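These are my notebook entries on a structure that I had not looked at before. I went through it one topic at a time and wrote down what I looked up.

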Amino acid sequence: MARTARTHSDSGVYHAILRGVNKQQIFECTEDYQRFLNILRTLTVQEQDESGHRSKPNCVVYAYCLMGNHVHLLIKESSETLAQIMKRISSSYVYYYNHKYGRIGHLFQERFKSQPVGDWDYFLTLLRYIHQNPLKPHLVTSLREYKWSSWLEYIGQEKNAFCATNVVLSRISLEELSNLIAEPLAEKEEEGLLDIEETPVKTCYSDEEIWHVLTNLCGMTTAAEFQQLPRPQQKLYLWEAHTKGIGPRALSRLTGVPYSVVQRATSAENDKRLQAGMVCESTLEDEDWYSYCSPDEFEPYPEY
């Protein structure tokens, strides 16, 4: 599709990615997604003092997409630098997340990834790339179905919009932009773009879908049958189900296996043990390790 080359005159525009540490999911439920968006929204607000003077917002957001374990932002510096903005976003969300789920420690990779946006054509490429993210892992078949990206703001389906869609749509019509968003990026166009370097897993399963996954893995169809399996086999199947995007709390609820066991089975340390082929019948030493190891020795994954 032919496009007129235009120079993006604004400086301080970046494509930035926040990633969950160790590929950890950072959104467990609708409330978490909404909380993250509320944090973004507050950073785009212009506050007014008693004299009526309106302050500059912390930043301007042109696009966003919240995936299971990472976030894409197309963002412009305003009263704060990109580093300050990203620190404010991550610290606010981590404080909420850790308090809600009773955890401590890092949630995001220590350093976010970012790259400057130099011109209008590249800006449009990033708009396409960010909004097309939910289509790649087949989370949805239409971008209108995905609630956690700014595309709903562009097409007027988001009541609490905060993105600077008017700035973008003053330079390109919604019809033309919609056609661009609907056109998959070619491999050549994706060269040099920041990527999460992983394929997001499905993050929303019904109980029936979870049992379908478990049955395919181990042949068991009920919690009673699953509980008859030796504990090491339970841990293996729980871990394999977790790698498909099913969280520990859901697995514990449906299988009847204690949450503490499921959490350890799906931990990063157990991941290493399973990858190394260290799966065997329980020994006293093995059970002692799982029962008494320090929380610092493994990184539990939360419910998705």
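The entries below begin with the whole chain and then turn to its parts.

**Entry 1: the chain as a whole**

I noted at the outset that this is a predicted model. I looked up the secondary structure and found 14 helices and four strands in the chain. Of the 304 residues in the chain, 47% are buried, and the chain exposes about 15500 Å², of which carbon and sulfur atoms supply 48%. I also looked at how far apart in sequence the contacting residues are: among contacts with a separation of 6 or more, 71% are between residues 24 or more positions apart.

**Entry 2: the nonpolar cores**

Which residues have the most contacts inside the largest nonpolar core? I found that they are Phe36 and Leu74, in a core of 61 residues. I then listed the elements that each supply at least two residues of this core, and they are β1 (13-19), α1 (30-43), β2 (59-66), β3 (70-77), α2 (82-101), α3 (120-132), α4 (151-154) and α6 (174-182). The element that gives the most to this core is α2, with nine residues. Apart from this core I found another, of 19 residues, which includes Ile210, Phe226, Leu251 and Val261.

I went back to leucine 74 to see what surrounds it, leaving out residues up to four places away in sequence. Its contacts include Val13, Tyr14 and His15, as well as Val60, Val61, Tyr62 and Ala63. Leucine 74 also touches Val117, Phe123, Leu126, Leu127 and Ile130.

**Entry 3: strand β1 and its partners**

I looked at how covered β1 is, and six of its seven residues turned out to be buried. Strand β1 runs antiparallel to β3, with seven bridges joining the two, and it also runs antiparallel to strand β4 (residues 113-116), to which four bridges join it. Isoleucine 17 gave me a way to see both pairings, since this residue stands opposite histidine 72 in β3 and opposite lysine 113 in β4.

**Entry 4: the two sides of α6**

Which residues of α6 are buried? I found Leu177, Leu180 and Ile181. These residues cover an arc of only 100° around the axis, and therefore lie on the same side of α6. I set beside this the general point that an α-helix has 3.6 residues a turn, so residues three or four places apart point the same way. On the other side of α6, I found Glu175 and Ala182 exposed. When I asked what the buried residues of α6 pack against, the elements were α3, α4 and α5 (165-169).

**Entry 5: salt bridges**

I counted five salt bridges, and looked at some of them in turn. Glutamate 28 forms one with arginine 249, where the closest N and O atoms are 3.3 Å apart. Because glutamate 28 lies in the loop between β1 and α1 and arginine 249 in helix α11 (residues 248-255), the pair ties together parts that are 221 residues apart in sequence. Glutamate 28 counts as buried, at 10% relative accessibility, whereas arginine 249 is partly exposed, with a relative accessible area of 30%.

Next I looked at aspartate 32 and lysine 100, whose side chains meet in a salt bridge at 3.0 Å, N to O. Aspartate 32 lies in helix α1 and lysine 100 in helix α2, so this pair ties together parts that are 68 residues apart in sequence. Aspartate 32 counts as buried, at 0% relative accessibility, and lysine 100 counts as partly exposed, at 31%.

The side chains of aspartate 207 and arginine 253 also meet in a salt bridge, at 3.0 Å, N to O. This pair links helix α8 (residues 207-218), which holds aspartate 207, with helix α11, which holds arginine 253, the two residues being 46 residues apart. Aspartate 207 counts as partly exposed, at 32% relative accessibility. I noted as well that salt bridges that share partners join Glu31, Asp32 and Lys100 into one network.

**Entry 6: glutamate 80**

Where is glutamate 80? I found it in the loop between β3 and α2, and at 13% relative accessibility glutamate 80 counts as buried. Not counting residues up to four places away in sequence, glutamate 80 touches Asn58, Ile85 and Arg88. I also looked up its separation from cysteine 59, which is 21 residues away along the chain, and the C-alpha atoms of the two are separated by 6.8 Å.

Definitions and conventions: Residues numbered from 1 in each chain as written. Predicted model: local features only at pLDDT ≥ 70, side-chain atom pairs only at ≥ 80, totals over all residues. Heavy atoms only, no water. Core = buried A, V, L, I, M, F, W, Y, C linked by side-chain atoms within 4.5 Å. Buried < 20%, exposed > 50% of the residue type's maximum accessible area, 1.4 Å probe, protein only. Contact = heavy atoms within 4.5 Å. Arc of directions from axis to C-beta. Salt bridge = Lys/Arg side-chain N within 4 Å of Asp/Glu carboxyl O. Pairing = 2+ DSSP bridges. Areas by Shrake-Rupley, 256 points an atom, 1.4 Å probe, with all protein chains shown as cover.
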